[in-house]
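Welcome! Take a moment to turn the structure around before reading on.

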Amino acid sequence: MISYKRANGLWSLRAWSAGCATGEEPYSLAILILDALAREGDRQRWAVRVTATDLDDKALEKAKAARYESVSMIPGLALEDYFLESGGSYVVRDEVRRPVRFLLLDIAKPPPLRHLDIILCRNVLIYFERGKQAHILEIFHRCLRPGGFLVLGKSEAIIGAAQGGFAPFRRRERIYRKQE
């Protein structure tokens, strides 16, 4: 995704964490994006935005506080690069918090989001009946840019008519790509 956007002079990455709960997912995504851009050596050129949404306002308040009792890091990433230790817990560093914004939002209603590069909606669709799942997948399809990615949870899959808008990219990991 980064190499495609760089080759086309598009210096922005836009993501949506749908059903973000207490914020671990959007902060993790921001960390992965920031690390990838730093490895490429041109982090400063990029505008990164991760929009994180949930229906639970109390969960969003915890997410905005960006304070966690424990943190697990991907091998190769240093905890101290992304978190500060404070009073027995870990606080997300400002560099990671800056690109993340939180919104109270029902994913079944069209959001004010367009031209997204990636949508993460992991283990959320399982709580909806099939018709509502198809409706939500249509919303995701409209929000993604051509070639954008949709990541679902391990217990979820795109089936039926909704599959026409997405092609499996990594079927086992439940990663799909928006078809043109």
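The paragraphs below walk through a helix, a sheet and the cysteines of this predicted model.

Let's begin with helix α3, which covers residues 57–65. Which of its residues are buried? Ala59, Leu60 and Ala63 are. Viewed along the axis of α3, the buried residues sit within an arc of 100°, so they line one face of the helix. A general rule of helices helps here: an α-helix has 3.6 residues a turn, so residues three or four places apart point the same way. The cover over the buried residues of α3 includes α2 (24–40), β2 (47–54), β3 and β6 (100–104).

The ends of α3 are worth a look too. At the N-terminal end, Asp56 acts as a cap, with a side-chain oxygen 2.9 Å from the backbone nitrogen of Lys58. Just past the helix, Ala66 adopts a positive phi of about 55°.

Strand β3, part of that cover, also belongs to an open sheet of three strands, in the order β3-β5-β4 with antiparallel pairing. Both β3 (67–68) and β4 (83–86) are edge strands with a single partner each, so one side of each has no neighbour in the sheet. Strand β5 (residues 89–92) runs antiparallel to β3, and two bridges join them. Tyr68 has Tyr90 in β5 as its bridge partner.

Finally, the cysteines. How many disulfides does a search of the whole structure find? The count is zero. The sulfur of Cys20 has its closest cysteine sulfur in Cys121, 11 Å away, which is too far for a bond. Both residues are buried: Cys20 has a relative accessible area of 4%, and Cys121 has a relative accessibility of 0%.

Terms used. Residues are numbered from 1 along each chain as its sequence is written. This is a predicted model: local features need pLDDT of at least 70, side-chain atom pairs count only at pLDDT 80 or more; totals for chains, interfaces and linings use all residues. Side-chain values use heavy atoms; hydrogens and water are left out. A disulfide is a pair of cysteine sulfur atoms within 2.5 Å. Buried means under 20% relative accessible area, exposed over 50%, partly exposed in between (1.4 Å probe, protein chains only). Two strands pair if DSSP finds at least two bridges between them. Helices (H or I, at least four residues) and strands (E, at least two) are DSSP runs, numbered from the N terminus. The arc is that of the directions from the helix axis to the C-beta atoms. Contact means heavy atoms within 4.5 Å. A polar contact is a pair of N or O atoms within 3.5 Å; within protein, one must be able to donate a hydrogen and the other to accept it, and residues adjacent in sequence count only if both atoms are side-chain atoms.
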